Amino acid sequence: MDTPTRTTTSLRPGTAPEWILDPSGSTDREQRAGGRPPRPRRRLFRLLVVLLMLVTIGAGAAAAVVTAAIAARPDYPDTVVSGGTDAGSAVARGGGRPTAEDGYIADGDSLAVSDAAPAVARLDPALREALQQAHAAAAEDGVDLRVGGGWRSKAYQAWLLRDAVRTYGSAAEAARWVGTPETSLHVKGQAVDVSPYDAADWLNRHGAQFGLCRTYDNEAWHFELSPSAVDAGCPPMFRDPTEDPRMQG
Ligand SMILES: [Zn+2]
């Protein structure tokens, strides 16, 4: 470390030692080679410049903290998913919340299995057909089988994942409930969340004859098409999505 060699610095109340204001100590020393004493007003000016710099740095740091805090909010559109069918959606453009065009269905809402909304209409046709057959059979038992979640845009899935990380507190725990835009079977149109609960319970008991199987032990509402189930019954469930090799992408 460079230690100032000047030993004659005079300290007066209200002034800072010159080597604090001018750490290099060189330029002014050369300029003042004639022995001219530093003018107090000049010192005051340099002190003000240093103070102004400190205030500016402080304000910049505060602004950075606020910016980071806003970006950390899961519902802030910081992850923009582009390409494919998502490019035109509001949430993909960073415009906020997903819409019906993203396949959005609000919590507690549901759609008919024949609804024209993208959440249902963009499901894999074979899955939709099986759902409609199951709906008709469930109706005979007095159960109204509906869709609480269906096809989703990648942007909507990313939005859900951010929300889940906020809800569950970590990415690892969120992964037990919500897939990524790349892995989710909902984004591929190959999964449906059945609503209400009694309909999911009905489908859990009767779904195999339509090729509709529950996939995860921790998600009573999530069903996928498994055509072989019609003859062989549904395959064993995974405990949760983290055990599903398809979710490892
Ligand atoms: Zn699901």
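**A four-stranded sheet and two helices**

Four strands form an open sheet in the order 1-2-4-3, with antiparallel pairing. Strand 1 and strand 3 are the edge strands, each pairing on one side only. Neighbouring strands of the sheet are turned by 50° against each other on average, direction ignored. The model is predicted.

Now the wider setting. The protein has 9 helices and 4 strands. Along the sequence they follow the pattern α-α-α-α-α-β-α-α-β-α-β-β-α. Of the 249 residues, 28% are buried. Take the contacts between residues at least 6 apart in sequence: 56% of them join residues at least 24 apart.

Go back to the sheet and look at strand 4. Strands pair through backbone hydrogen bonds, either parallel or antiparallel. Strand 4 runs antiparallel to strand 3, and 3 bridges join the two. Leu212 stands opposite Leu225 of strand 4. Cys213 has Glu224 of strand 4 as its bridge partner. Strand 2 is also joined to strand 4 by 3 bridges, and this pair is antiparallel as well. Here Asp193 stands opposite His222 of strand 4.

Which way do the residues of strand 4 point? In a regular strand the side chains alternate between the two faces of the sheet. His222 and Glu224 point one way from strand 4, while Phe223 and Leu225 point the other way. All four are buried.

Next come the helices that meet the sheet. Helix 5 lies across strand 2, strand 3 and strand 4. Its direction is at about 115° to strand 4. Helix 8 packs on the sheet too, touching strand 1, strand 2, strand 3 and strand 4. The direction of helix 8 makes about 125° with that of strand 2.

Start with helix 5, residues 125-140. Does its span agree or disagree with 1.5 Å a residue? At that rise its 16 residues should span 22 Å, and the end C-alpha atoms are 23 Å apart, so the span agrees. The buried residues of helix 5 are Leu127, Arg128, Ala130, Leu131, Ala134, His135 and Ala138. Seen down the helix axis, these buried residues fall within an arc of 160°, so they line one face of helix 5. The other side of helix 5 carries exposed residues: Pro125, Ala126, Ala136 and Glu140.

What covers the buried residues of helix 5? The cover includes helix 4 (118-121), strand 2 (191-195), helix 8 (197-206), strand 3 (212-214) and strand 4 (222-225). After helix 5 comes Gly142, with a positive phi near 80°.

Helix 8 can be read in the same manner. Ala199, Ala200 and Leu203 are buried in helix 8. They cover an arc of only 100° around the axis, which puts them on the same side of helix 8. Tyr197 and Arg205 are exposed, on the face of helix 8 turned away from its buried side. The cover over the buried residues of helix 8 includes helix 5, strand 1 (146-149), strand 2, strand 3 and strand 4.

One backbone detail remains, at the loop between strand 2 and helix 8, where Pro196 is found. The peptide bond from Ser195 to Pro196 is cis, with omega near -10°.

To retrace the path: the sheet has strand order 1-2-4-3. Helix 5 lies across strand 2, strand 3 and strand 4, and helix 8 touches strand 1, strand 2, strand 3 and strand 4.

Key: Residues are numbered from 1 along each chain as its sequence is written. This is a predicted model: local features need pLDDT of at least 70, side-chain atom pairs count only at pLDDT 80 or more; totals for chains, interfaces and linings use all residues. A residue is buried if 20 or more other C-beta atoms lie within 10 Å of its own, exposed if 12 or fewer, and partly exposed in between; C-beta atoms are placed from the backbone. Two residues are in contact if their C-beta atoms, placed from the backbone, lie within 7 Å. The expected span of a helix is 1.5 Å times one less than its number of residues. The arc is that of the directions from the helix axis to the C-beta atoms. Two strands pair if DSSP finds at least two bridges between them. Axes are lines fitted to C-alpha atoms, for helices over the stretch in contact, and angles run from 0 to 180 degrees between N-to-C directions.
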